[in-house]
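Hi,

Here is the structure I promised to pass on. Have a look at it first, and then read my notes below.

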Amino acid sequence: MKGILRENPPLPKYQEMWDIDIVLKFLLSQSVNPDLDLKTLTKKLTILLAIAAPKRSSEIARLDIRFMQINNEGAKFQLPGLSKTQSDCNSKEIFYPKFEDNLKLCVVDCLQAYLKRSVDFREVDMSKPNPLLRTLVKPHKGASSNTIANWIKDIMKLAGIDTTKFKAHSTRGSSTSKAKGQGVSISEILKIADWSNALTFKKFYFRPLQEDSSNDQFSKKVLSLPSDTSSMES
């Protein structure tokens, strides 16, 4: 097996990465969260979840409001089940800090608007599974990882990203590449993305943009935009 791996080593999927600011500017062009229709709000929340804490679609699908806490600092989820690369039985935690500099790009503000909009088709019995993200048609079941990936790609395409080249999974590389460029430490990037070593990040995810330290800092660095876009904020 080692010989096979030497002759056919795994290769990075992308040689360059799209600029995540393109998607952020698209989201800024939309109405404020309470005014968005359910379809738009759902897809917006999905891609913000993927950008602000670079998790896989399968992990985002496992977010459950039974294991959610929202306070003045942000929203915290305990992730039920095991992740793709998880080697222990300890539950993983995902934290989304409030981004009060721009509520249109704040995961928590979008999340709260979505929870209000989706309350009528949620499970009343909190002892039963209550997936955060729900399908757009009745009976509004929990969204699968494939559905979540499609929603992410929908927003990418609307923003102008070439989705024939870049798939939903590329948000992990795009957000972490921006975070590194904004000064977030490698150790913090590895922690939030659940990568075991820096080689994984550098070989498979970190890429130059196509055009050219804490979890709290990661999200805010990734969601920040140059000051000349402030006129687009509401």
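One term before we start: buried means under 20% relative accessible area, exposed over 50%, and partly exposed in between (1.4 Å probe, protein chains only). By that rule Lys 43 is buried, because its relative accessibility is 12%.

Some background. This is a predicted model, where local features need pLDDT of at least 70 and side-chain atom pairs count only at pLDDT 80 or more, while totals for chains, interfaces and linings use all residues. Residues are numbered from 1 along each chain as its sequence is written, and side-chain values use heavy atoms, with hydrogens and water left out.

The protein chain has a mean pLDDT (the predictor's confidence in each residue, from 0 to 100) of 83, with 76% of its residues at 70 or more. Among its elements (helices, H or I, at least four residues, and strands, E, at least two, are DSSP runs numbered from the N terminus), helix H1 (residues 2-7) has the lowest mean, 53, and helix H6 (residues 145-159) the highest, 98.

Now the salt bridges (a side-chain nitrogen of Lys or Arg within 4 Å of a carboxyl oxygen of Asp or Glu): there are five. One of them joins Lys 178 to Asp 21 at 2.5 Å, N to O. That pair links helix H7 (residues 170-181) with helix H2 (residues 20-28), 157 residues apart, and both partners are buried.

Lys 43 turns up again in a bridge to Asp 154 at 2.8 Å, N to O. Here helix H3 (residues 38-52) is linked to helix H6, 111 residues apart. Asp 154 counts as partly exposed because its relative accessibility is 30%.

Cheers
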